[in-house]
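Good morning, and thank you for joining. I would like to go through two interfaces in turn, and I ask that you keep the structure in view as I speak.

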Amino acid sequence: MIVNKYYRASSLEDAYSKLQENPRNTILGGGLWLKKIGQSHETLIDISSLGLNEIKDSKNEVVVGSMVSQRDFENSPVVKALFNDAIAFSTREVMGVNFRNLATIGGSIMGRYPFSDVITGLLPYDVELEFYPKQTMFLEDYLSYKGKLNAILVAIHIKKGQGKGFYKKVKTTALDFPIVNIAVSRVNGQYRIAVGARPAVASLALKAMEYINSLKNPSKEDFAKAAEMAVEELSFLDNKDASKEYRIDLAKVYVRRGLEEVNK
Amino acid sequence: MLVTFYLNNVRVSYDVRPDEYLAETLRSHGVKSVKVGCNETSCGSCTVLLENRPAMSCGILSASIEGKHITTVEGIQEEAARIAYFFGEEGADQCGFCNAGYALTIYALKRELKNPTDDEIKDYIVGNLCRCSGMQSQLNAIKAYLKEE
C-alpha cells in the first residue's frame, strides 16, 4: 500500500472537499483492510475527530455514527436490545477484540466486503444509510449500487420494531472469514432473509421472503421450502474455503433454522 | 509528517510516512517488545493499548494517533510481571513471542470484564495467537491471575 498524504479533516465539508480533489483520495475508516487490499492512495482523509463515533437512541430508531468501532457497537446496551441481541452478536463474530477496537461500522459497510459479518447481520432489518452531502439510501440499495458512491457515510439508522433476529456465521476456526453467513429476522410480523459470503456480498432472498410472508401461519415444512427457495435464487460459488455445493447445503440448513428461531 | 502522541505516558513526536503503521514506528524507535508476527492484523503479537484498549499496532496508521495514548508492555511492568509469573506457573510460556501482546490484552481484560466466564475470557483473547501451545495453559494462567486480584 502506498499513501502519499494524510489529511485530518476539520469538518465534513472539509473532508468532502478534499475527497473531490482527486479520484485516488480516500476516506479512512478503521484502516484495517487498506493494507490487505494494497491499493495506492493519493490522500487518506481522517474523519475520526468529527464526532461520528456516537450511538444515539430514540423512540423509533438507533443511530450509529459511521466511526463507531465494532467493539463499541457490540457492547452498546442500545444495540444489544435490538432484536434479541442478533445484530450485536453478528459483530462479535468478527476476528478478536484487538481487531474490533479498531474496525469501524462505517468502514465495514462502505467496503461492501463479501466476507462481511456486519453487513449480513444488518441486512434483514430496516437500515438506512445517511451520507454527506445530504443523501439517504437503504442498505440493500447501497449494496447493489454500481460503482463508487462519491459521498461520506455519516450514520447508520436502524429502525426499531417488534421481533426477533437470528445470525449464524459458519467458519472453520475462530478467526476465519465465514464460509457462509446467514441472518434472518421477523420484525413486525415480516420475515427477511439475508445470506452473505457466498462468497459474494450479502443479498436478500426476495422470492423466499415473499413466499414465507404470504403464509398466515407457516409450518416447519413451509420454512424448509423457503430455505430451498432462498438457495435457489441466490448465487453461490467455489473458492479456496469451500465449494459451492457445501455453501448451499449449509445455507439451506441455517436459513430454515433461522426462520424457525425467529418464529418462536 | 510529524505525529505527537503519548507512549507509556511520555509525550513523543516522531516523523512518520503517511502509510506507516504503528508497529513499524514503535520498533524503529527501539520498542522491540512489540512483535510483528503476521503483519496483517490476525495474530495479535503486535497488540498495544490504544487509549487503554487492546489494538493491533500493525493495523493502526501512525498518523492516526495524534494526541492519543499508546501503552506497550514497558508501561505495565508490574502487572506484566504478575502475568508472567502465572504464565510460568501454568507452563504457558514457551517461545515467548506472543507474551507481550498477551500481557496487554489480559491487562485490559481485567479492567474491562468483571468476573468473566471462561467463554468471555476466550472471546477476549481469541485475537492473540500462541503457536507453541494449545491455549489451555494460557486460559489457566489468566484465571489464576484474575483470581489473585
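How many salt bridges does the rule find across the interface of chain B and chain A? The count is four. Please bear in mind that we are looking at a predicted model.

One salt bridge joins the side chains of Arg8(A) and Glu66(B), with a nitrogen-to-oxygen distance of 3.7 Å. Across the interface of chain B and chain A there are also 12 residue pairs in polar contact, with both residues at pLDDT 80 or more.

Which elements of chain B supply the side that touches chain A? At least two residues each come from strand E3 (47–50), strand E4 (53–56), helix H3 (99–112) and helix H4 (118–125) of chain B. The largest share belongs to E4(B), with four residues. By class, this side of chain B has 15 nonpolar, 10 polar and six charged residues.

As to extent, the contact involves 31 residues of chain B and 31 residues of chain A. The size of an interface is often given as the accessible area lost when the parts come together. For chain B and chain A, the buried area is about 2,300 Å², and carbon and sulfur atoms give 53% of that area.

Let me now turn to the interior of chain A. The domain assignment divides chain A into domain 1 (2–41), domain 2 (55–159) and domain 3 (164–263). I shall concentrate on domain 2 and domain 3 of chain A, whose C-alpha centres lie 20 Å apart. Their contact takes 23 residues from domain 2 of chain A and 25 residues from domain 3 of chain A. The area buried between these two domains of chain A is about 1,900 Å², with 62% given by carbon and sulfur atoms.

What of the polar side of this interface? The rule finds three salt bridges between domain 2 and domain 3 of chain A. A salt bridge also links the side chains of Lys171(A) and Glu93(A), at 3.5 Å from N to O. Residue pairs in polar contact across the interface of domain 2 and domain 3 of chain A number 12, both residues being at pLDDT 80 or more.

On the side of domain 2 of chain A that touches domain 3 of chain A, helix H5 (86–92), helix H8 (117–122) and helix H9 (139–144) each supply at least two residues. H8(A) gives the most, four residues. That side of domain 2 of chain A comprises 13 nonpolar, six polar and four charged residues.

Key:
Residues numbered from 1 in each chain as written. Chains lettered and ligands numbered in written order. Predicted model: local features only at pLDDT ≥ 70, side-chain atom pairs only at ≥ 80, totals over all residues. Heavy atoms only, no water. Domains from an automatic or database assignment. Contact = heavy atoms within 4.5 Å. Buried area = accessible area lost by both parts, 1.4 Å probe. Polar contact = N/O pair within 3.5 Å; in protein donor to acceptor, adjacent residues only side chain to side chain. Nonpolar A, V, L, I, M, F, W, Y, C, P; charged D, E, K, R; others polar.
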